[in-house]
Amino acid sequence: MPKKLRIGVIFGGRSGEHEVSVRSAGSVIEAIDKSKYEVVPVAITKEGKWLAPAAAAELLPAATQRKLSAQTLGADRHDVAIVGDPSRSGLTTLGDGSGQRGLDVVFPVLHGTYGEDGTLQGLLEMASIPFVGCATLASACGMDKVTMKALFKEAGLPICRHTFFLRSEWEDDRQKVLRRLKREIGFPCFVKPANLGSSVGVSKAPDSASLARAIDLAARYDRKIIIEEMVDAREIECAVIGNDKPRASLPGEYVIHEESARFLDYTEKYASTGNVEFIVPARISKSLIKRIQKMAAIAYKSIDASGLSRVDFFLQHNGELLVNEINTLPGLTDVSGFPKMWEATGIPFAQIIDELIELAIERHRERARNETSI
Ligand SMILES: Nc1ncnc2c1ncn2[C@@H]1O[C@H](COP(=O)(O)OP(=O)(O)O)[C@@H](O)[C@H]1O
Ligand SMILES: [Mg+2]
């Protein structure tokens, strides 16, 4: 039997999406083919501390923990780290621990800041460990909603009207910022931290008073705040995997049953309120499915994505499509769209994970072809 590949699944993280990441990691560890892969869980706490596999496993549901091999977890509870030195590539045990544990591939199952935004990816590139998902540049571009929209625009993709400002500008002169936003965007509008996800810090603002409150909230999460015109539209998503030749899944659609679900906020996304349902395929024409798949691939390439991403669209009532955003590490929980869309396209999640690991190795080899001396 061929040797099992050792996969480091890193989850948690210093992010407003910490809890979502723990759920995503649970789903990945449940689904991954354990006859082919040995899973080494590594957790990053909300404070940024890296926990050893034995301690990381305890953050997962009991049933998932039982599926991990006790031998792989080990008993050592010393903190671990990945250092940016290729000769130590893998997990380095800190303190009095017993040294080094090699990892063949890292699967960063982290959403939001310090995980999806290129920071961890930069560390993994320094360490020369193959890893699943977008590399540093695409991760950073896909995380920042302002940069992402600039790249979409450059690629000829339709996007909604928006503008942005910095927290320091808001703190210096609130009235000036409000005046500009009223002039350039108007009401109702959406206010978001530029770098986050899962709707954390996102609000709809119908008037001036709520706009100021919404900005105060968003400014807690980021130094850059984006304001968009409100788009009255159906929300369609499309999953993409691949490196240089990306493939798009059948699109899915969020159907909102209750008016009380004003938009897809954090609760609606993860609490299974029953107010929203994710349907695949989206109830749209075949030609629109094709257009969405094509646009998803263009969005993917526009940020130089690799591995996986999910591209989210607004389908306006007049039939116009807008690209809302790309998520380079989309939710992978039991209720998330990405695995469901591939499932409906005929590829089970375990096989998607297989492909993602192969893509990680392929990109690593491709990168290794670059000369680093002259
Ligand atoms: N411009 C907009 N018009 C209408 N609804 C929006 C707009 N922007 C965001 N929303 C709503 O808020 C949700 C979260 O916003 P999104 O841009 O997707 O941020 P996140 O990265 O947090 O998912 C969207 O799924 C949608 O329901
Ligand atoms: Mg979104």
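Colleague: Is Phe-314 buried or exposed in this structure?
Modeller: This is a predicted model, and in it Phe-314 belongs to strand S16, which covers residues 307–316. Buried means under 20% relative accessible area. Because the relative accessibility of Phe-314 is 12%, the residue counts as buried.

Colleague: How far apart in space are Phe-314 and Lys-286?
Modeller: Along the sequence, Phe-314 and Lys-286 are 28 residues apart. Taken from C-alpha to C-alpha, their separation in space is 17 Å.

Colleague: What span should helix H14 have, and what is the distance between its end C-alpha atoms?
Modeller: Helix H14 runs over residues 349–368, which makes 20 residues, and at 1.5 Å a residue the expected span is 28 Å. The distance in the model agrees with that expectation, since the end C-alpha atoms of H14 are apart by 29 Å.

Colleague: Which residues of H14 are buried?
Modeller: An α-helix has 3.6 residues a turn, so residues three or four places apart point the same way. In H14 the buried residues include Phe-349, Ile-352, Ile-353 and Leu-356. The list also contains charged side chains, namely Asp-354, Glu-355 and Arg-363, and it is completed by Ile-357, Leu-359 and Ala-360.

Colleague: What is the relative accessible area of Arg-363?
Modeller: Arg-363 is placed in helix H14, and its C-alpha atom is separated by 20 Å from that of Ile-326, a residue 37 positions away along the chain. Buried means under 20% relative accessible area. Arg-363 is therefore buried, its value being 17%.

Colleague: How many salt bridges are counted?
Modeller: The count rests on a side-chain nitrogen of Lys or Arg lying within 4 Å of a carboxyl oxygen of Asp or Glu. By this rule, the number of salt bridges comes to 21.

Colleague: How many residues apart in sequence are the parts that Lys-46 and Glu-19 tie together?
Modeller: The side chains of Lys-46 and Glu-19 meet in a salt bridge, with N and O 2.6 Å apart. Lys-46 sits in the loop between strands S2 and S3, whereas Glu-19 is part of helix H1, so the pair ties together parts whose separation in sequence is 27 residues.

Colleague: Are Lys-224 and Asp-144, which meet in a salt bridge, buried or exposed?
Modeller: Lys-224 and Asp-144 meet through their side chains at 2.9 Å, N to O. This pair links distant parts of the chain, 80 residues apart, with Lys-224 in strand S11 and Asp-144 in the loop between helices H6 and H7. The relative accessible area is 15% for Lys-224, which is therefore buried, and 8% for Asp-144, which is likewise buried.

Colleague: Which helices hold Asp-216 and Arg-174?
Modeller: Asp-216 forms a salt bridge with Arg-174, and their closest N and O atoms are 3.1 Å apart. The pair links parts of the chain that lie 42 residues apart, with Asp-216 in helix H10 and Arg-174 in helix H9.

Colleague: Which residues are linked with Lys-149 in a network of salt bridges?
Modeller: Lys-149 takes part in a network rather than in an isolated pair. The residues linked with Lys-149 in this network are Lys-192 and Glu-228.

Colleague: Which residues form the positive surface patch?
Modeller: One of its residues, Lys-176, lies in helix H9, residues 174–184, and counts as exposed because its relative accessibility is 54%. The positive surface patch is formed by Lys-176, Arg-179, Lys-182 and Arg-183.

Colleague: Which residues form the negative surface patch?
Modeller: Among them is Glu-171, which lies in helix H8, residues 167–172, and is exposed, with a relative accessible area of 59%. The negative surface patch is formed by Glu-169, Glu-171, Asp-172 and Asp-173.

Colleague: Where does Pro-188, which a cis peptide bond joins to Phe-187, lie?
Modeller: The cis peptide bond between Phe-187 and Pro-188 has an omega of about -10°. Pro-188 has its place in the loop between H9 and strand S9.

Colleague: What is the phi of Tyr-114?
Modeller: Tyr-114 is found in the loop between strand S7 and helix H5, and at 39% relative accessibility it counts as partly exposed. Although Tyr-114 is not a glycine, its phi is positive, at about 50°.

Notes:
Residues numbered from 1 in each chain as written. Chains lettered and ligands numbered in written order. Predicted model: local features only at pLDDT ≥ 70, side-chain atom pairs only at ≥ 80, totals over all residues. Heavy atoms only, no water. Helix = DSSP H or I, 4+ residues; strand = E, 2+ residues; numbered from the N terminus. Expected span 1.5 Å × (residues − 1). Buried < 20%, exposed > 50% of the residue type's maximum accessible area, 1.4 Å probe, protein only. Patch = residues over 30% accessible without salt bridge, like charges linked within 9 Å, V, L, I, M, F, W, Y side chains within 5 Å. Areas by Shrake-Rupley, 256 points an atom, 1.4 Å probe, with all protein chains shown as cover. Lys, Arg positive; Asp, Glu negative; His and termini not counted. Charge placed at Lys NZ, Arg CZ, Asp CG, Glu CD.
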